[in-house]
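Hi,

Here is the structure you were going to look through. My notes on the packing follow below it.

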Amino acid sequence: MRGVGRRILITGIASFWGGRIAQALESHPDVEVIVGLDSDAPVVALERTEFVRADETYSILARLVTATQVDTVVHAGMIVDSTRGGDRRIHELNTIGTLNLLAAVGAAGSPVRSLIVKSSTLVYGAGPKDPYWFSEKTPRVAPARTRVERSLLEVESYLNAFVEDNRQVRTVTLRFASVLGADIDTPLGRALTLPLAPRIAGFDPQIQFVAQDDVVRALVFAVEQENLSGIFNVAGAGRIPWSEVLALAGKAPFLLPPFATGLALAPLSRIGLGMAPEIIDLLRYGRGVDTRKLLRAGFSYTHSSLSALQEFVEGRRLKAVVGEIVPTYRYEADVEAFFRHSPAVVTPN
Amino acid sequence: MPQGRSIEQTTHGALLPLRPAANPPEPEPDGRVTDIDQWGRSAKARALIARLYGPLYKHWFRAEWEGLEKIPAVGGALLVANHAGAIPVDAPLIMHGIEQELDRPVYGLADYFFRGFPGVGTAWARGGGVTAHPDNAYRLLHDEGQLALVFPEGTKATGKVYSQRYKLRRFGRGGFVDIAMRAGVPIVPIVVIGSEEAMPMLAKSATLARLLGVPYVPLTANMLLLGPLGLLGYFPAKIRFRVLDPITFDVPPDQERYPRSQVFDEAEKIRQAMQVEIYDLLRHRRSVWFG
């Protein structure tokens, strides 16, 4: 009894992004089925998404894909922030998880026709020899030192091979710049919520942001556009010097020494004020990406780097007065199952 | 800023308000608090530098130009010049000169080396310095139609000792020709004399350079006279610039790559033309100090 609508599987449903994409797709009339996969329960309320609990490496994916006959997989579960897990977890989730996913999607008889991967501009690194705007084709210059960067590079190289071997699957890789949003905890957002914001003495890098809404919109765009394939940078227009970011956010700088910065940060991370190591290079050299490829494909942004920052700052101001405005949601398996499957629930036609 | 996001929309983790897209990339200025552009250059910083540099340019070096009209008043062009002096004075002088005389910004493409130094990198960027990456050069020249200045000899030229003065080094791998071809812009060669005598390098230490991770550690005549201050104190040599005829290439722009041989030939032709002009200027120079 399969209908004609799209059947979509989302990995990392418990992450902010997974949940938000599911919410956005739920309101889509063309989307018939949404299956969410994660090792943890969702953190946002979902109407009709079916949640499946998996281990971190998504080993049940092959079975799940066959059983649900999904035509689209949105891989939103990768860790792009070192503070979200140790090296082990990053390796399991990003590298091994993606390998399992690619195996399932590329298996003989697989029903999947579209694969959307949420990657990060961390794949470009940040260093003194970098161009100011990386295009999707510009090779990385700086060596990858952190586990999260290495895992993303591994994932993208597996993806390249996957694309070559599986021409029947439309593969879209979206590389997102530093995300800012009032509702999401990101490395730079965290840096801007501390009483003093970190700044490396003598460096004033140009930073490019992408607003949280544009992240979800870009992922939904990639799901919708059935002719879109390839690698795309996603970031707001323009770059802002970090000193100006601090000025706009009304933060005084906490100056870090330009040499042995990591060493100076070690005691801070002991007391929970650590910064992800991949951020240190970013705060030294900055990073920019050329976003024209996605614009040419027809995507339009609601935010530039500047307006993403402004919205973030406004959101912080509101939070400072009224506290968290999004009440915490708790996933209860039997409640969710009741609403989805009980014959007592009347579904409007 | 997009309007109309109400608090109701974000409570109870409700559907994300997927707003219709605003008009694509909004123009930046409103809301910004500095005038730092996308390359890190600041017009205000430039004006400050001009105030400090003006007297040096005018009275100390008494810079003089020939053929300034050959630099295009609009559109992109790659300015190519010879490089000299342990701490080269030619780059800031050319940038200052063209900005003053033609009222056009000049972006100086240079080795990434500066960017890694605290303070130096930032100041350099504010003044119009840009890391010499092909992507950067292409964007400046092709997409933005700016003037970009490049020294194809690189640190091989500034790191040469006084006895080698005015002998042009190899022009890198000809990357500057490749970029100009790709961007479809002319190359405008500029030759400079006087820069070698402003800070002559007598000797250099390869060991110290390796230890410090810099291209060379110079011992300059200025340092002998002034001590470490000599790194900043230039001799008042008369500086002359001559702009040569712009060179356009008869190739289609935006090609994946251009024939290596053609790129090398063109680079070598430009190098020889510049060398000839340098000798010509030197032939007519009566005095290092008075021109």
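**Cores and crossings**

In this predicted model, the largest nonpolar core has 73 residues, and Leu9(A), Ile10(A), Leu25(A), Leu115(A) and Leu174(A) touch the most other members. Helix 6 of chain A gives the most to this core, 8 residues. A nonpolar core here is a set of buried Ala, Val, Leu, Ile, Met, Phe, Trp, Tyr and Cys residues joined through side-chain atoms within 4.5 Å, where buried is under 20% relative accessible area (1.4 Å probe, protein chains only). Apart from it there's another core, of 39 residues, including Ala183(B) and Tyr258(B).

Leu25(A) touches, among others, Ile8(A), Val220(A) and Val223(A), leaving out residues up to four places away in sequence; contact means heavy atoms within 4.5 Å.

Now the helices (DSSP runs of H or I, at least four residues, numbered from the N terminus). The axes of helix 1 (residues 16-26) and helix 6 (residues 212-224) of chain A come within 10 Å and cross at roughly 60°. Axes are lines fitted to C-alpha atoms over the stretch in contact, with angles from 0 to 180 degrees between N-to-C directions.

Helix 7 (residues 242-249) and helix 11 (residues 305-322) of chain A also have axes that come within 10 Å, crossing at roughly 35°. Val245(A), Leu248(A) and Ala249(A) meet Leu306(A), Leu309(A) and Val313(A) there.

For reading all this: residues are numbered from 1 along each chain as written, and chains are lettered from A and ligands numbered from 1 in the order written. Local features need pLDDT of at least 70 and side-chain atom pairs 80 or more, while totals for chains, interfaces and linings use all residues, and side-chain values use heavy atoms, without hydrogens and water.

Cheers

Definitions and conventions:
Helix = DSSP H or I, 4+ residues; strand = E, 2+ residues; numbered from the N terminus. Buried < 20%, exposed > 50% of the residue type's maximum accessible area, 1.4 Å probe, protein only.
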